[in-house]
Structures are given as structure tokens and as C-alpha cells.
Amino acid sequence: MTVGLLRDTVTFCYTDDEGITYKDHISCRAYINGVSGNEFFIANAGSVGSLVVTVTCRYQPALMAINPTVYKLRDQNGLEYELLSPADDKMGRHREVIFRARRIMRDKGVVPCTENT
């Protein structure tokens, strides 16, 4: 993986109360790659759109332990993503970890990630 692609900072947030509140767990540099505008609109024609992205991070053992049912992802712009897949150690080489995620469209009842205190 080319280090220059890791332009985004992402934070993995976890919950221990069934999604009511989230706390920051681990932050790292990442590459967030989504579909282009035309592909997105064609794929979601006639339905409520949600942006599915691929998040690539440098390999860390802590990332491999992330459970998508109790974690979500936040980027440096405050956008939040629901994890769709567990961590994938690309080709088993311990160089990069890949997640699939869907952007969370904000409702008034959603609680954002908070920093540990």
C-alpha cells in the first residue's frame, strides 16, 4: 500500500450499551474509497441512497479485533459509517486491513461518537 493514499484520519468508536452511546477506541490513518457520483445514483435509483465505501488502513492487530456489530467509524470531517464487514487482512500479508462501511445519514435521535474521558 502506498502511504501517500492514507490521507484521512478515522476513529473506530465502540458501544457497550446496544448503540445508545459510543466512545472512541482507536484512531489511525486510512484511505476511504467510495463509488463515483454516477455509479452511486445508478445503483440507488428509486430507493433511499446510502453511500457504501471501502476503508483501507495499515495493518494493526487491534484493527483485526474490531467487531462490526459494536463498532462504527468516524472520519476527520465528522461523518459516521456503519461497519458492514469484519476486518479483512488483505491476502494475509499483514500490510493492510480493509473494511466495508455504509455512511450513516443523520437523524435527530442518533448519538454521535464521544471521546473517552
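## Burial and the model

A residue is buried when its relative accessible area is under 20%, and partly exposed between that limit and 50%. Glutamate 96 has a relative accessibility of 12%, so this residue counts as buried.

The structure is a predicted model. Mean pLDDT over the chain is 82. A value of 70 or more is reached by 75% of the residues. Confidence peaks in strand β1, residues 8-14, with a mean of 95. The lowest mean, 54, belongs to helix α1, residues 37-43.

## Salt bridges

The whole structure contains four salt bridges. Three of them are described here, beginning with lysine 72 and glutamate 80. Their closest N and O atoms are 2.9 Å apart. Lysine 72 is buried, and so is glutamate 80.

Arginine 102 pairs with glutamate 82 at an N to O distance of 3.1 Å. The arginine sits in strand β7 (residues 96-103) and the glutamate in strand β5 (residues 80-83), so this bridge ties together parts 20 residues apart in sequence. Both partners are partly exposed: arginine 102 has a relative accessible area of 30%, and glutamate 82 has 36%.

Glutamate 96 forms a salt bridge with lysine 90. Here the closest N and O atoms lie 3.9 Å apart. The cut-off for a salt bridge is 4 Å, so the pair qualifies. What is the burial state of each partner? Glutamate 96 is buried at 12%. Lysine 90, at 38% relative accessibility, is partly exposed.

## The nonpolar core

The largest nonpolar core has 19 residues. Which members touch the most others? They are Phe12, Leu63 and Phe99. Six strands each supply at least two core residues: β1, β2 (22-34), β3 (52-58), β4 (71-75), β5 and β7. Strand β2 gives the largest share, with four residues.

Strands β5 and β7 therefore appear in two settings: each contributes to the core, and the salt bridge between glutamate 82 and arginine 102 links them.

## Contacts of leucine 63

Leucine 63 is one of the core members with the most contacts to other members. Setting aside residues up to four places away in sequence, leucine 63 touches Phe12, Ile26, Cys28, Cys57, Arg58, Ala87, Val97 and Phe99. Among these neighbours are Phe12 and Phe99, the residues named with Leu63 as touching the most other core members.

Terms used
Residues numbered from 1 in each chain as written. Predicted model: local features only at pLDDT ≥ 70, side-chain atom pairs only at ≥ 80, totals over all residues. Heavy atoms only, no water. Salt bridge = Lys/Arg side-chain N within 4 Å of Asp/Glu carboxyl O. Buried < 20%, exposed > 50% of the residue type's maximum accessible area, 1.4 Å probe, protein only. pLDDT = per-residue confidence, 0-100. Core = buried A, V, L, I, M, F, W, Y, C linked by side-chain atoms within 4.5 Å. Contact = heavy atoms within 4.5 Å.
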